[in-house]
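User: Could you walk me through the side-chain contacts and internal spaces of this protein? I would like the reasoning along with each answer.

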Amino acid sequence: MTMQPPLPFAPVANSRPIGQAVAMTENEDGGQVFIYGTLSYVWDAGDEAMRRMVAVRLWQMKAAAVAEVASAFGILEDTLWRWNRALKDQGITALATQKRGPKGGSKLTDEVISLIHQLKKSGLANTRIGQQVGVSEFSVRRALTLVPSGDDAPEPVRDLSPASPAEPATEPVLAAQEKLPLLPAPIDRTTDRLAVSVNKTELTGAAPVFAPAARVPLAGMLFALPALEITPLLASAAQTFTDLSRRFYGLNTILLEGVLRTLVGEPLAEGATRLDPTAFGRILGMDRAPEVKTIRRQHHELVDTGKIPELMSLMAVTRFEALKSSDTECLAVLYVDGHTRAYEGKKKIAKIHSTRMKMAVPATEETWVSAANGDPLFMVMAEPSASLVSELKKLVPELRKMIGDERRMLVGFDRGGWSPTLFAHMHAAGFDVLTWRKGSTPDIDESLFSPVTHVDDHGTKNRWERVADTEVEVLLNAKTGETMRMRQVSQIVPLTKGEGTRQIHILTTLDTQKTMDTAEVVYRMAARWRQENYFRFGRERFALDAHDSYASTEDDPKRLVPNPAKAKAKLVLQNARAQRDAVDNTVTATLLTLNTPEPGTKGITITNQMHNDINAPLIRAENAVIAAEDAYQQLAARVPLGEARPGAQVLDTEMKRFTHIIRMAAFNTAVALAREVRINTGYKRADREAHSLVRKIFTQPGDIDPSLPGYLTITLDPLPTQRETAAVKELCESLTETQTRYPGTDLILRYGIKERL
């Protein structure tokens with residue numbers, strides 16, 4: 001059909017070409033389709049069945065390619081295939097649509113808001129309030145900003161149901177979105193860019209501006225914004241960086257760009273080259289996303305302020321406030337662990353033993369602090385070769401300062417932090433410790449073991465068949481015999497290799513008896529692996545160990561380090577002792593042979609000369625040991641770094657700390673959204689596939705509509721399967737209830753998803 005030359009004129013004004021042979025026009029009265037200038041199809045406004053049939057007919061007669069037809073009608077190619085099958089099987093009636101939109105109103109009624117305020121005043125954490133009231137943590141945070149009717153409320157609760165008089169029903173909005181322009185040109189921001197470049201304004205960030213657009217790539221990124229509020233990145237950054245220089249991309253934009261880019265699998269700045277800058281710019285409310293050089297420059301400007309540690313501390317303090325709960329004497333549960341980041345360059349970086357790689361490698365050491373659910377709270381750069389014990393001692397005053405009160409906090413860590421002296425130090429500072437017992441330990445009487453059960457925050461019942469709760473004395477000082485009485489929770493577990501069982505022991509302070517039963521102690525110790533899971537997840541998806549900056553500085557030459565000559569002298573001493581022991585065995589055997597007469601002889605003659613000759617090698621070996629011991633004792637145990645390793649360097653830490661902040665925010669955002677899928681949707685595979693579903697959402701296209709004043713509506717394209725689409729629909733209702741505003745604007749975000757057709 002397309003072999004016929006097209007007519008040299010448009011059949012009607014404002015027509016849209018579909019391939020070479022077809023033109024289409026749509027307005028409020030309906031639509032028309034012309035084939036080679038001849039009017040071929042007409043449908044009235046609202047006659048969706050006829051409109052869909054026209055799309056199928058155009059494809060069936062090969063008037064245009066399937067991609068061209070789908071693009072013109074604003075649908076997916078798969079949708080056109082389904083329409084074709086439905087038309088063949090059931091006729092045109094199968095193409096009729098059903099009314100869409102939410103089936104009920106908001107859960108945040110006046111009664112619910114009042115109850116949330118009362119529970120918050122009692123000191124309950126937001127998560128527990130949500131569990132008691134039956135709403136999400138997002139909704140709890142939103143309710144705390146509202147006051148029910150009758151009080152001195154500055155803002156009433158908005159009901160997003162179709163019957164609410166305060167806001168139009170969702171159905172007209174969704175219907176209007178079907179007529180949004182398909183990826184129009186972005187809003188021109190040339191004036192703002194010029195104003196910044198010619199010093200005519202003190203602009204510290206252009207405000208986001210959104211244009212109506214359909215089928216926007218990566219529109220699902222906007223689903224991350226309600227969860228991002230849980231990580232106080234943007235609010236804390238606004239308090240920290242108050243004197244930034246003139247720039248087009250503001251602080252919110254550059255931080256939001258980093259978090260969203262990380263969430264779609266491009267955590268490095270170079271990843272910006274793999275995202276369409278225009279498409280990503282629509283998500284940021286800009287004409288285009290920043291380039292790599294702009295990202296790097298602004299990151300360095302933030303780092304050069306020297307306020308990155310202040311930003312991380314402020315975020316941690318805010319998270320600690322959210323963790324506080326008055327229904328227990330224990331403020332919260334934290335996990336602390338060291339993380340080794342290997343270096344593969346040519347600079348002289350100190351070597352550290354890597355447990356994961358099972359060898360000593362040039363690396364930097366980081367100390368991470370995570371919440372009970374494994375979400376990272378903050379991290380500090382440790383000194384090269386620092387032990388976890390020393391880092392924990394340094395963290396104690398910092399943690400107490402962040403907590404802001406004298407309540408106790410449980411700190412869990414692995415055997416790397418084993419030190420009875422550290423336990424006593426932390427106990428005196430108001431911290432309870434939780435760790436595995438190290439070294440050989442006598443078994444507990446098996447009659448003391450019994451089954452225990454613990455129900456976690458998600459309602460999952462965890463059961464252990466053989467657990468015992470006892471008390472033990474831990475030696476603090478071998479010289480004085482001072483001890484510390486601690487609580488020991490023991491388990492009987494199968495052997496790793498072979499048949500049989502063994503006992504493993506958890507140590508904690510006696511104060512935990514007031515706050516935790518035996519089962520919860522076992523659960524909390526096992527939950528420490530959530531922190532290890534973050535390290536693994538971060539390495540695989542967020543480039544946790546990447547070198548975001550290869551800059552380095554000279555290490556402190558006056559810093560005392562273990563003397564390498566001492567280690568060599570110790571090796572010489574060990575070899576000398578081994579040689580002496582070997583010679584001693586030979587001399588003993590020779591003397592024994594000499595003192596044993598042959599059968600039939602009457603006596604043995606041993607002269608002094610014979611004795612001296614036999615013992616001469618042993619005397620020389622003893623002298624060598626004495627000399628080696630003297631040489632070893634004379635060497636200092638620690639020497640200045642400049643003497644031990646001249647030219648030693650350390651990698652830049654502040655840029656890495658800054659990128660860690662962005663990646664922590666991205667991880668916490670993804671985890672919060674996955675947790676929302678598990679709790680507030682009926683997705684049956686949520687326990688195994690919640691994170692996978694969230695990643696699909698972030699990369700899904702959709703429509704962006706700012707036409708309703710005060711609102712920004714995001715309508716996602718349907719996901720590949722019906723169950724995923726249904727789960728996202730429930731998630732949309734939950735996220736819309738939060739009434740989250742797009743950062744830097746007054747636009748309230750509303751979420752929806754198109755029906756599968």
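**Cavities, rings and charges**

Analyst: Happy to! Let's start with the lining of the largest cavity, which by class has 8 nonpolar, 2 polar and 1 charged residues. Please keep in mind that this is a predicted model.

User: Which residues line the largest cavity?

Analyst: The lining includes Pro186, Ile187 and Val209, together with Ala211, Ala213, Gly281 and Arg282. Gly285, Met286 and Ile704 belong to the lining as well. One further lining residue, with an aromatic ring, is Phe210.

User: What is the volume of the largest cavity?

Analyst: The whole structure was searched for cavities of 30 Å³ or more, and 4 turned up. The volume of the largest cavity is about 90 Å³.

User: How are the rings of Phe210 and Tyr742 arranged: stacked or edge-to-face?

Analyst: Across the structure, the count of aromatic pairs is 13. In the pair formed by Phe210 and Tyr742, the ring centres are 4.8 Å apart and the planes meet at 75°. Planes over 60 degrees apart count as edge-to-face, so with its 75° this pair is edge-to-face.

User: How many residues apart in sequence are the parts that Phe210 and Tyr742 tie together?

Analyst: Phe210 sits in the loop between α8 (190–197) and β5 (213–216). Tyr742 is found in the loop between α24 (722–737) and β22 (748–753). The pair therefore ties together parts whose separation in sequence is 532 residues.

User: Is Tyr742 buried or exposed?

Analyst: The cut-off for buried is under 20% relative accessible area. Its ring partner Phe210, at 9%, counts as buried. Tyr742 has a relative accessible area of 1%, so Tyr742 too is buried.

User: Which residue lies over the face of Phe248?

Analyst: There are charges over rings to look at here. The charged end of Arg400 sits over the ring of Phe431, 4.8 Å from the ring centre. Over the face of Phe248, at 4.2 Å from the ring centre, lies Arg193.

User: In which helix do Arg52 and Glu48 lie?

Analyst: Arg52 and Glu48 form a salt bridge, with their closest N and O atoms 3.2 Å apart. Both are buried, since Arg52 has a relative accessible area of 6% and Glu48 is at 17%. They are 4 residues apart, about one turn of the helix, and that helix is α1 (residues 48–60).

User: How many residues apart in sequence are the parts tied together by Asp548 and Arg663?

Analyst: The side chains of Asp548 and Arg663 meet in a salt bridge at 2.7 Å, N to O. Asp548 lies in the loop between α18 (529–541) and β16 (552–554), whereas Arg663 belongs to helix α22 (residues 654–680). Asp548 and Arg663 are both buried. The pair thus ties together parts whose separation in sequence is 115 residues.

User: Where does Lys729, the salt-bridge partner of Glu755, lie?

Analyst: Glu755 and Lys729 meet through their side chains in a salt bridge of 3.3 Å, N to O. Glu755 counts as partly exposed at 27% relative accessibility, and Lys729 is partly exposed, with a relative accessible area of 27%. Glu755 lies in the segment after β22, so the pair ties together parts 26 residues apart in sequence, with Lys729 in helix α24.

User: How many salt bridges does a search of the whole structure find?

Analyst: Some salt bridges share partners, and these join Glu26, Glu48, Arg51 and Arg52 into one network. For the whole structure, the number of salt bridges found is 37.

Note on methods
Residues are numbered from 1 along each chain as its sequence is written. This is a predicted model: local features need pLDDT of at least 70, side-chain atom pairs count only at pLDDT 80 or more; totals for chains, interfaces and linings use all residues. Side-chain values use heavy atoms; hydrogens and water are left out. Rings of Phe, Tyr and Trp (its six-membered ring) pair if their centres lie within 6.5 Å; planes under 30 degrees apart count as stacked, over 60 as edge-to-face and the rest as tilted. Helices (H or I, at least four residues) and strands (E, at least two) are DSSP runs, numbered from the N terminus. Buried means under 20% relative accessible area, exposed over 50%, partly exposed in between (1.4 Å probe, protein chains only). A charge sits over a ring if NZ of Lys or CZ of Arg is within 6 Å of the ring centre and within 35 degrees of the ring normal. A salt bridge is a side-chain nitrogen of Lys or Arg within 4 Å of a carboxyl oxygen of Asp or Glu. On a 1 Å grid over the protein atoms alone, a cavity is a set of points where a 1.4 Å probe fits but cannot get out, and a pocket is an open set with protein on both sides within 12 Å along at least five of seven lines; lining residues have an atom within 4 Å of a point. Grid points are joined across faces, edges and corners, and a volume is the space filled by probe spheres set on the points. Ala, Val, Leu, Ile, Met, Phe, Trp, Tyr, Cys and Pro count as nonpolar, Asp, Glu, Lys and Arg as charged, and the others, Gly among them, as polar.
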